[in-house]
Amino acid sequence: MAELFKLLKDGNKPSLMAAFVNAFLGIIKGAAFFFTGNVAMFAEMMHSLGDAANQFFVYIGSALSKKAPTKKFPGGFGRIVNLVCLFAVIIVAILSYETIKEGWHHFIHPAGESSGVLIALGVLLIGIVLEGTVLAKAAVEVLHEAGQEKAGITSIIKAFPFLNRAKPATKLVFMEDLVATSGNILAFAAIVIAYFTGWGRIEGLVSMIIGAMMFYVVGKVFLDNARGVIGETDEEMLNHIAHLVMDDPNIKDIVRLEVIKEGEFLHVELVAEADPHLSLAFLDDVRDHLTEVILSQKGVSKVAILFDEDDGKTNWVHVGERPNNTI
């Protein structure tokens, strides 16, 4: 039990914060839908509840993925976070379907004028503020994990190019809260337009748009984490580590280099060629030095290095490019 609490303490904080915020918003949006009957509010309730469940699962997965390797699982548990994300998107997919179905029904058969417009708008305004706050914090975390400086109110915009360098959990929180904030704004606009124009179908239309945005997140998260479960190479870090290895004067060539994403971490396997006249003791010092250098790189948690004697040929033609005999 103590180990479990220790792991939970190290879980992804942005996802836990987002889970609590979305659970709270889901409850108050559900209450607002009950009193107003507004279908846009129903869509936002489903969206918030889906995000809350998803982000809570991601927090648990990110915590469990940090469990130390065992004899039975020497590779560690890093991919648990990817497995959990795959499970979580099933929930969001179901809620997305229900949201679109309800929106379509309301679009074809619009109800009369919704009551409690001010209640609905007030709840959505709270949602915009809270979701926007979580989105901003997630953007700062994305920049931090990418080794970039936060940029104040422009952090959200600046975070987009660095999303692929963020941890899976942080990336998911950013994407979901970006859609959630946009959904709140759309629902707010739909209620205002319906109130002043009497065109009630817009609430059903916006509900379908919100459901479609949720499906986009489902698809994106599914593909990203499916690659993570299979074992995806971090090409950018592979190129970087190849430069570091080839900069060592004792390394003549790279036979094989793999940088595999294991959840939030990177595992590196290197087979390098060295001068056959070097002693084992010296090569052991070279291995220790390279291991220290590679482990100091962001996200790298495990390094395995083997040496082969130099065959006089260069397979790693361009630093950072995979050799032809690499599987």
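Tyr-195 is partly exposed in this predicted model, because its relative accessibility comes to 48%, short of the 50% an exposed residue must pass. Its ring partner, Phe-196, counts as exposed at 66% relative accessibility. From that pair, this briefing moves on to the chain as a whole, its helices and a handful of residues worth a look on your screen.

**Aromatic pairs**

- A pair of aromatic rings is described by the distance of the centres and the angle of the planes.
- Six aromatic pairs occur in the structure.
- One of them joins Phe-33 and Phe-42, with ring centres 5.2 Å apart. Their planes stand at 55°, so this pair is tilted, as the angle falls short of the 60 degrees that edge-to-face pairs exceed.
- Phe-33 is partly exposed, with a relative accessible area of 25%, while Phe-42 is buried at 13%.
- The rings of Tyr-195 and Phe-196 have centres 5.1 Å apart, and their planes meet at 85°, so the pair is edge-to-face.

**The chain as a whole**

- The secondary structure amounts to 10 helices and three strands.
- In sequence order, the pattern reads α-α-α-α-α-α-α-α-α-β-β-α-β.
- The C-alpha trace spans about 85 × 45 × 35 Å along its principal axes.
- Of the 327 residues in the chain, 46% are buried.
- Take the contacts between residues at least 6 apart in sequence: 73% of these join residues at least 24 apart.

**Annotated transmembrane regions**

- According to the UniProt record, an unreviewed entry, the annotation "transmembrane region" covers residues 16-36, 76-97, 117-140, 178-198 and 204-223.
- In the model, residues 117-140 are 100% helix and 0% strand, and the end C-alpha atoms of this span lie 34 Å apart.
- Residues 204-223 are likewise 100% helix and 0% strand, with 29 Å between the end C-alpha atoms.

**Helix 3 against helix 5**

- Helix 3 (residues 39-64) packs with helix 5 (residues 117-145) at an angle of about 30°, and the two axes are 11 Å apart.
- The crossing of helix 3 and helix 5 is left-handed.
- From helix 3, the residues Met-41, Glu-44 and Ser-48 take part, meeting Ala-120, Val-123, Leu-124 and Glu-131 of helix 5.
- Sorted by class, this contact has four nonpolar residues, one polar residue and two charged residues.

**Two buried residues and their contacts**

- Thr-99 sits in helix 4 (residues 80-108). Its relative accessible area is 0%, which is why Thr-99 counts as buried.
- Setting aside residues up to four places away in sequence, Thr-99 touches Ala-43, Met-46, Ser-207, Gly-211 and Met-214.
- Ser-15 belongs to helix 2 (residues 13-36), and it too has a relative accessible area of 0%, so it is buried.
- Beyond its neighbours within four places in sequence, Ser-15 is in contact with Gln-55, Val-58, Tyr-59 and Val-173.

**Further residues and long separations**

- Val-229 is found in helix 8 (residues 201-230). At 27% relative accessibility it counts as partly exposed, because that value lies between the 20% and 50% limits.
- Apart from neighbours within four places in sequence, Val-229 contacts Arg-79, Asn-82, Leu-83 and Leu-86.
- Val-229 and Leu-244 are 15 residues apart along the chain, and their C-alpha atoms are separated by 28 Å.
- Asn-239 lies in helix 9 (residues 235-246) and is partly exposed, with a relative accessible area of 30%.
- Between Asn-239 and Ile-202 there are 50 Å in space, C-alpha to C-alpha, for a separation of 37 residues in sequence.
- Glu-292 is placed in helix 10 (residues 280-295). With 59% relative accessibility, Glu-292 counts as exposed.
- Glu-292 and Ala-53 are 239 residues apart along the chain, and 39 Å separates their C-alpha atoms.

Definitions and conventions. Residues numbered from 1 in each chain as written. Predicted model: local features only at pLDDT ≥ 70, side-chain atom pairs only at ≥ 80, totals over all residues. Heavy atoms only, no water. Helix = DSSP H or I, 4+ residues; strand = E, 2+ residues; numbered from the N terminus. Buried < 20%, exposed > 50% of the residue type's maximum accessible area, 1.4 Å probe, protein only. Contact = heavy atoms within 4.5 Å. Axes fitted to C-alpha atoms, helices over the stretch in contact; angles between N-to-C directions. Left-handed = near helix turned anticlockwise from the far one by under 90°. Nonpolar A, V, L, I, M, F, W, Y, C, P; charged D, E, K, R; others polar. Phe/Tyr/Trp six-rings, centres within 6.5 Å; stacked < 30°, edge-to-face > 60°. UniProt positions renumbered as here; feature names shortened; annotations may be inferred.
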